[in-house]
Amino acid sequence: MSTATSAPPMIKASGVNKYFGDLHVLKEIDFEVPRGQVVVVLGPSGSGKSTLCRAINRLEPINSGEIQVDGKPLPAEGKALAALRADVGMVFQQFNLFAHKTILDNVTLAPQKVRKVSSGDARKTAMELLERVGIADQAQKYPAQLSGGQQQRAAIARALAMRPKVMLFDEPTSALDPEMVQEVLDTMTSLADEGMTMLVVTHEMGFARRAAHRVVFMSDGEIVEDSTPSDFFTAPKSERAKDFLGKIL
Ligand code: ADP
Ligand code: MG
């Protein structure tokens with residue numbers, strides 16, 4: 001039996017609504033991230049992109065609708081919620097590394113605590129991942145001793161150390177100096193090439209064109225377009241997307 005046809009999408013959102021007080025920030029959101037695919041979310045500031053990412057990890061509860069990860073509705077609390085968060089890797093604009101821990105410790109901590117991996121195995125995996133993101137030689141340093149690009153690659157290694165089923169990236173290069181953006185995008189591109197399922201909020205249009213299977217364009221809490229990158233970039237349908245692309249390209 002082919003898993004490609006029988007398995008549910010890795011992420012599925014149906015009729016999701018989210019309010020902050022009176023502010024309706026996610027409006028009837030429907031979308032899917034199929035297994036092994038990269039979905040890039042684009043849209044102006046304030047359109048709800050971060051809230052959507054946070055809702056998938058249940059860092060933000062939603063008011064109505066349903067989000068499923070790997071075919072299962074998000075658990076509300078307890079062990080099941082911890083397990084969900086272990087399966088959904090998240091990389092933020094601010095790297096959120098533990099400042100008082102070495103890079104190696106940053107990568108080995110959660111697998112030992114949450115996945116009950118032995119310290120030897122956690123260390124071995126961490127060194128492999130740091131090698132893969134190109135900063136194995138920084139393992140014994142503290143975050144502040146690394147460049148922004150290196151810190152973000154460490155944050156990616158840390159998320160990967162949990163062996164997540166899917167990775168969420170929320171503007172991972174927005175806080176970086178321009179010369180460090182590409183090294184992080186290259187790391188993400190190689191992950192995508194290896195078949196990692198990814199939801200990526202970014203303003204990096206080159207990455208969206210090259211790596212995305214689909215582009216979701218959000219504006220004012222709504223998904224306005226959901227299309228292939230070539231359709232989106234060459235023939236956006238809505239005025240809002242045309243306006244957005246006109247400003248960013
Ligand atoms: P984006 O990531 O696309 O810039 P966000 O998801 O951060 O958008 O924000 C969507 C809207 O929700 C914005 O109007 C923002 O000001 C508002 N918002 C975000 N987080 C909160 C919060 N914790 N409390 C109140 N309003 C919020
Ligand atoms: Mg945001």
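The legends below describe close-up views of a predicted model.

**View 1. The six-stranded sheet.** An open sheet of 6 strands is shown, with mixed pairing. Its strands follow the order β6-β7-β8-β3-β9-β10. The edges are formed by β6 (88-91) and β10 (222-227), each of which pairs on one side only. On average, and with direction ignored, neighbouring strands of this sheet are turned by 15° against each other.

**View 2. The pairing of β6 with β7.** Strand β7 covers residues 166-170 and runs parallel to β6. The two strands are joined by 4 bridges. In one of the pairs, Val88 has Val166 of β7 as its bridge partner.

**View 3. Helix α3 on β6 and β7.** Helix α3, residues 78-87, lies across β6 and β7. The helix runs at about 60° to β6. Its buried residues are Leu81, Leu84, Ala86 and Asp87. These buried residues of α3 pack against β6 and β7, and also against α2 and β4. An α-helix has 3.6 residues a turn, so residues three or four places apart point the same way.

**View 4. The four-stranded sheet.** A second view of strand pairing shows an open sheet of 4 strands in the order β2-β1-β4-β5. Pairing in this sheet is antiparallel. The edge positions belong to β2 (23-33) and β5 (72-73), and each has a single partner strand, so one side of each is left without a neighbour in the sheet.

**View 5. The pairing of β1 with β2, and helix α2.** Strand β1, residues 11-20, runs antiparallel to β2 and is joined to β2 by 7 bridges. One of the pairs matches Val16 with Ile29, its bridge partner in β2. Helix α2 (residues 49-56) lies across three strands, β1, β2 and β4 (64-69). Relative to β2, helix α2 runs at about 60°.

**View 6. The crossing of α4 and α5.** Two packed helices are described by the angle between their axes and the distance between the axes. For helix α4 (residues 103-113) and helix α5 (residues 119-132), the axes come within 9 Å and cross at roughly 130°. The two helices are therefore oblique to each other. Their crossing is right-handed. On the α4 side, the contact is made by Ile103, Leu104, Val107, Thr108 and Gln112. On the α5 side, the residues are Ser119, Ala122, Arg123, Ala126, Met127 and Leu130. By class, the contact has 7 nonpolar, 3 polar and 1 charged residues.

**View 7. Thr108 in the contact of α4 with α5.** Is Thr108, a residue of helix α4, buried or exposed? Thr108 has a relative accessible area of 6%, under the 20% limit, so the residue counts as buried. With neighbours within four places in sequence left aside, Thr108 is in contact with Ala122, Arg123 and Ala126. These three residues are among those that α5 brings to the helix contact.

**View 8. The packing of α6 on α7.** Helix α6 (residues 148-160) and helix α7 (residues 178-193) pack with their axes 8 Å apart, at an angle of about 20°. That angle makes α6 roughly parallel to α7. The crossing in which α6 passes α7 is right-handed. From α6, the residues in the contact are Gly148, Gly149, Gln150, Gln152, Arg153, Ile156 and Leu160. They meet Met180, Glu183, Val184, Thr187, Met188 and Leu191 of α7. The contact divides into 6 nonpolar, 5 polar and 2 charged residues.

**View 9. Two loop residues with positive phi.** Lys116 is found in the loop between α4 and α5. Its phi is near 60°, a positive value in a residue other than glycine. Lys116 has 67% relative accessibility and therefore counts as exposed. Arg163 has its place in the loop between α6 and β7. The phi of Arg163 is near 55°, again a positive value in a residue other than glycine. Arg163 is exposed, because its relative accessible area is 53%.

How values were computed. Residues numbered from 1 in each chain as written. Chains lettered and ligands numbered in written order. Predicted model: local features only at pLDDT ≥ 70, side-chain atom pairs only at ≥ 80, totals over all residues. Heavy atoms only, no water. Pairing = 2+ DSSP bridges. Axes fitted to C-alpha atoms, helices over the stretch in contact; angles between N-to-C directions. Contact = heavy atoms within 4.5 Å. Parallel < 35°, antiparallel > 145°, perpendicular 65-115°, else oblique. Left-handed = near helix turned anticlockwise from the far one by under 90°. Nonpolar A, V, L, I, M, F, W, Y, C, P; charged D, E, K, R; others polar. Buried < 20%, exposed > 50% of the residue type's maximum accessible area, 1.4 Å probe, protein only.
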